[in-house]
Amino acid sequence: METAFTPWASLAGGALIGLAAVLLMAVHGRIMGATGILGGLMRFSDLADWTLRAAIVAGMATGPLVYLLATGRMPVIEQPIPLWATIGGGLIVGVGVSYAGGCTSGHGICGNARFSRRSLVATVTFMTTAIATVFVIRHILGA
């Protein structure tokens, strides 16, 4: 399996995520943690909060449509692993998010920007784990 090197698209995506995080904090005083935002959709106690969360999730979900409007074609999404592995990975990430008290966007982008020690430890932990996982899968297992 080969990974495409896309520095400009990656830079643009990172800048947009950073901009969204800054705007959410500046306008609403909220941390941009994707799993926390998604999880909050299950609570209906505050309509204004639920509406904000729904708008953010809708914005994330409509990204491919914005790409279609900008380029005239849908983005190509390749998934070189079976569906069961994707679902299993998602469940493992969900458990990790619960134990870490947040996700990569919450800790890695917003928490580190606020100089949170907890976020620094979480970011180092998930990056180290990701690097080790890729090394084992690609170089030891040969997949």
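**Notebook: helix crossing, core, ring pair**

I looked at helix 6 and helix 7 first, and their crossing is left-handed (the near helix is turned anticlockwise from the far one by less than a right angle; clockwise would be right-handed). Helices here are DSSP runs of H or I, at least four residues, numbered from the N terminus.

Before going on: this is a predicted model, where local features need pLDDT of at least 70 and side-chain atom pairs count only at pLDDT 80 or more, while totals for chains, interfaces and linings use all residues. Residues are numbered from 1 along each chain as its sequence is written, and side-chain values use heavy atoms, with hydrogens and water left out.

Back to the helices: helix 6 (residues 104-113) packs on helix 7 (residues 117-140) at about 130°, axes 9 Å apart (lines fitted to C-alpha atoms over the stretch in contact, angles from 0 to 180 degrees between N-to-C directions). I file the two as oblique (not under 35, over 145 or 65 to 115 degrees).

Next I pulled up the largest nonpolar core and got seven residues: A21, L24, M32, I37, L52, I56 and C110 (buried, under 20% relative accessible area with a 1.4 Å probe, protein chains only; Ala, Val, Leu, Ile, Met, Phe, Trp, Tyr and Cys joined through side-chain atoms within 4.5 Å). Helix 1 (7-28) and helix 3 (47-61) are the elements giving two or more residues to this core.

Last, I searched the whole structure for aromatic pairs and found one. The ring centres of F44 and W50 are 5.9 Å apart with planes at 35°, so I note a tilted pair (centres within 6.5 Å; stacked is under 30 degrees, edge-to-face over 60, tilted the rest).

How values were computed. Phe/Tyr/Trp six-rings, centres within 6.5 Å; stacked < 30°, edge-to-face > 60°. Buried < 20%, exposed > 50% of the residue type's maximum accessible area, 1.4 Å probe, protein only.
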